[in-house]
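Student: Please take a close look at one part of this model, the contact between the chains. Then work inward from there.

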Amino acid sequence: MSNDDDEVQQPPVLKASVNDVRHFASLLRGVNFVNRATVTIAKTGFVVIVEEARTLLGTAYIFANTFDEYTYHSETPPAPQNSQDSDGDEDDNSAFEIPLNTLIECLNIFGTAGSSGSGAGAGNATSKYKKWKRPGEDSEPEGDDDDRGWRSSNGGSGARGIDQYFGNTEKGTGMRMSYAGSGFPLTLLIAEDAAGPTTTCEITTYEAEPHLQLPFESDQTVLKIILKSSWLRDALSELDPSCDKLTIIGNPPPPIVNGKQRQQPRAPPMLRIQAAGTFGSTEMDYPNDRDVLETFECTRHVSFSYRFGHISRTLRALQSSAKTSLRIDDEGLLSLQFLMPSPKSKTEGGADAFIEFRCLALDDELV
Amino acid sequence: MQATLDASALKPFTRALTCLSRYGEDLAIYATTDSFSLSTTNSSKSAYCRFKYGRQFFSKYSVGPPDVWVNEDEDGPTVTGQLLTKSLLSILRHRTVEKSVERCELSILDGAPQDNDRSDDDRDGLESRLVVRLHCKHGVVKTHRLLLLTLTAFLAPGIPDADNESHLTVGPRALRDMIEHFPVAKGARSDPQLLWCFGESEVEVKSYESSLDAKGRTQLSTELSISAEEFDLYDIYATPTTIAFHLREFNATIAFAESMSLALDLRFTDPAAPLFIDIEGDNADTLFVISTSQVPGATMPSQVSTAANTKKREREETPRDLARIKRPMKAVQRTDAASIAQADRSASRSQSMATTRMAGSMPPPPIPNRPSSHPEENSNLQMTPSSSRPKEPLFLPMSSQMSAVDEQVLRDTGLGLEDMNAEELHMMLDGEGEEVDFTGSQLPPPAVMETDDPADIEFAATQSSDDHSKGFQPLFED
């Protein structure tokens, strides 16, 4: 179905386009640990939520400015469609469920959505993939596209600017996504190049079901750390995959004496990540060094354990993120927020996206 | 035991571990007050690899309880242990280690509680642990505790025979250039063999055809001739010598030598005695032992006898009078050498079986001191050949074994040549047939010719069955 032409009476709920899908794809990939994802669309962007084992909740916040064009028409007031989503009408948003894997595969149909872990800013990780031949390198990639919105919102200059920033002539795969409303499929139009082939994908959507809610009470926070994602990424990737349990231990910083923090040689480390596996155990201690832990707030000794299998789900998002905020509340609920730098933010001021993971602590540690 | 590696030492150490991991799965640690050894043996016990680091390699090194300094004259405590190479390697090879680690502390904590003031949780339970503590930049400390098993079968190589050894020295790059013409098929089971024929001035390398896989996929047969000048040192005891060995471990060795830019020192004796490779670096002494197999023949089923034929033909192709006259001498010599080695092996084996208590004090390559009296004893002892029998390959064709008749012939010579194997006997008799002048050499008495029908011998295989014996055996089997 082609919503673009038939939308006389009702504009589609979502219309979004981007001229380079890599960032969008990497955001989706960050939460792609369970196939069925709930997508909630609102005016400011949309949210992709996945959950696993009623314990782990992964949320990707993809803001409207991730896209070159993003329009949302609430489906509630003008023409209620077949059925309303349960949580659709309260916040003026609509939700559906979608097989996330399929969506990512569709985005990568030309092999250009990039599977690199280093984010969209890391140049072209897919160059080895054979590209469609381009007759003229200068032709605007969207030149022949029949969509006016695309062209108007994303002039050649904008695209060029990014390309110049990346320092390569390669143009990303463009995408146009639309969702007509509940019951309709998510339609993707993907074009690698104006002269190249175009792919239209329709991904069946499902009615959203209520998902796990893990509210994080920020006033109950007992440990709050902001650190470079690379530290956490290295720590997690160095752990033996056979590890079963991962424990995060936080200790309050040593008291300040004479205006200078005295690190006693035997003082317990500020942050310790430890895990035990079949071949042994591993501990990683991090001192309160500004180069390591940008922020460290800890009120009391904290020790909570999590299933390593769940924590390692975050690795994919960690790899393309820049900074991590790690918070633990007094019940052990872990909140990991990853700042996903947008390639646009440097040139156009586009806001960075976020991926958040929340994970419940293992019960035996709660007592 | 405690050893501290700084960042510059960590890299070669990791490379060594990488090489070890390609030899075998289990890593044996053997630490004395003076050196720290890591060794491994592959699953079929046909290859052995050992890295021995002097204490200078480490920025800090001590064995035994940290506080107690052991007198130098004492034997000193030794620490042994065994763990999976992979588990240690995966820690040290991690890509972040190279970037950020400033110092690496290895310590072995005995299961028995000891007065270790490092931290309380370092000693828990009764298991020994290898603690790898990585001190990274910005004061980040990563501590990995690996379970350390007690050393089971301690394997050590035999020693090469000194007298008929061939020496080669070659840079890793030159060797790599030779080897890379022989593609190693991907897949775990693929382990091609190469056949090296060391001639007077040329080295011929060719793919060993029997290394065809079951499906016969490896149809490519490559042959390469290299001038001996490619080798920095080329000293072959007897040309041509042909040996064949597997590539897998050899490649690992080359890769290590290449990464360290160190030359390889190859030593070998008999076509079937193991190949020894030494790589000497700063504060590190590396030994590789790869067992070689007998020279292959062109046709498969009667591999051994044809192999012998090949050998013979090669000899005929180098008709140098000197060599020909010398040959019988050599044969005798070689017999002796072989029996020495044999006796040596059996001796060291029985020794090791008898005295397992040596486990604690014997150094990793416990060079079995060669009993000097053995050759003499050996010639009188009828038992010796049979004692070495169990080491023989199971599937040798019967023809390769010396028949009882042949043995009787040898005994009748009264020359103490009982240990002479079929090949040498054949060669000796063969030489006789060619009417080589034996005067001055240990001429077999006419009795040989009389008691024995040369035609009978003609078809005896010329293969020395003992040549297949492994170069090293478990010293301690518990």
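Tutor: Two strands are said to pair if DSSP finds at least two bridges between them. The model is predicted, and what follows is computed from it.

Start with the pairing across the chains. Strand E16 (280-286) of chain A and strand E9 (residues 141-148) of chain B run antiparallel to one another and are joined by six bridges. Within this pairing, His144(B) of E9(B) is the residue opposite Thr282(A).

The contact as a whole draws on 14 residues of chain A and 15 residues of chain B. On the chain A side, two or more residues each come from E16(A) and helix H6 (229-238) of chain A. E16(A) provides the largest share, with seven residues. By class, the chain A side has six charged, five nonpolar and three polar residues.

H6(A) leads from the contact to a sheet within chain A. That sheet is open and has ten strands, with antiparallel pairing, in the order E10-E6-E2-E3-E4-E21-E20-E19-E11-E17. At its edges lie strand E10 (206-207) and strand E17 (293-298) of chain A, each of which pairs on one side only. Further in, strand E11 (residues 221-228) and strand E19 (residues 323-329) of chain A are antiparallel and share seven bridges. Ile225(A) faces Leu326(A) of E19(A) as its opposite residue.

Two helices can now be placed on this sheet. Helix H3 (residues 100-107) of chain A packs against it, in contact with strand E2 (36-42), strand E3 (45-52) and strand E6 (94-99) of chain A, and its direction is at about 80° to that of E6(A). H6(A), already met at the chain contact, also packs on the sheet, touching E11, E19 and strand E20 (334-340) of chain A. The direction of H6(A) makes about 100° with that of E11(A).

H3(A) has a helical partner as well. Helix H2 (residues 22-30) of chain A packs with H3(A) at an angle of about 155°, and the two axes are 10 Å apart. Because angles over 145 degrees count as roughly antiparallel, H2(A) is roughly antiparallel to H3(A). The crossing of H2(A) with H3(A) is left-handed. H2(A) contributes Ala25(A), Leu28(A) and Arg29(A) to this contact, and H3(A) contributes Leu100(A), Leu103(A), Ile104(A) and Leu107(A). Sorted by class, the residues of this helix contact are six nonpolar and one charged, with no polar ones.

Notes. Residues numbered from 1 in each chain as written. Chains lettered and ligands numbered in written order. Predicted model: local features only at pLDDT ≥ 70, side-chain atom pairs only at ≥ 80, totals over all residues. Contact = placed C-beta atoms within 7 Å. Helix = DSSP H or I, 4+ residues; strand = E, 2+ residues; numbered from the N terminus. Nonpolar A, V, L, I, M, F, W, Y, C, P; charged D, E, K, R; others polar. Axes fitted to C-alpha atoms, helices over the stretch in contact; angles between N-to-C directions. Parallel < 35°, antiparallel > 145°, perpendicular 65-115°, else oblique. Left-handed = near helix turned anticlockwise from the far one by under 90°.
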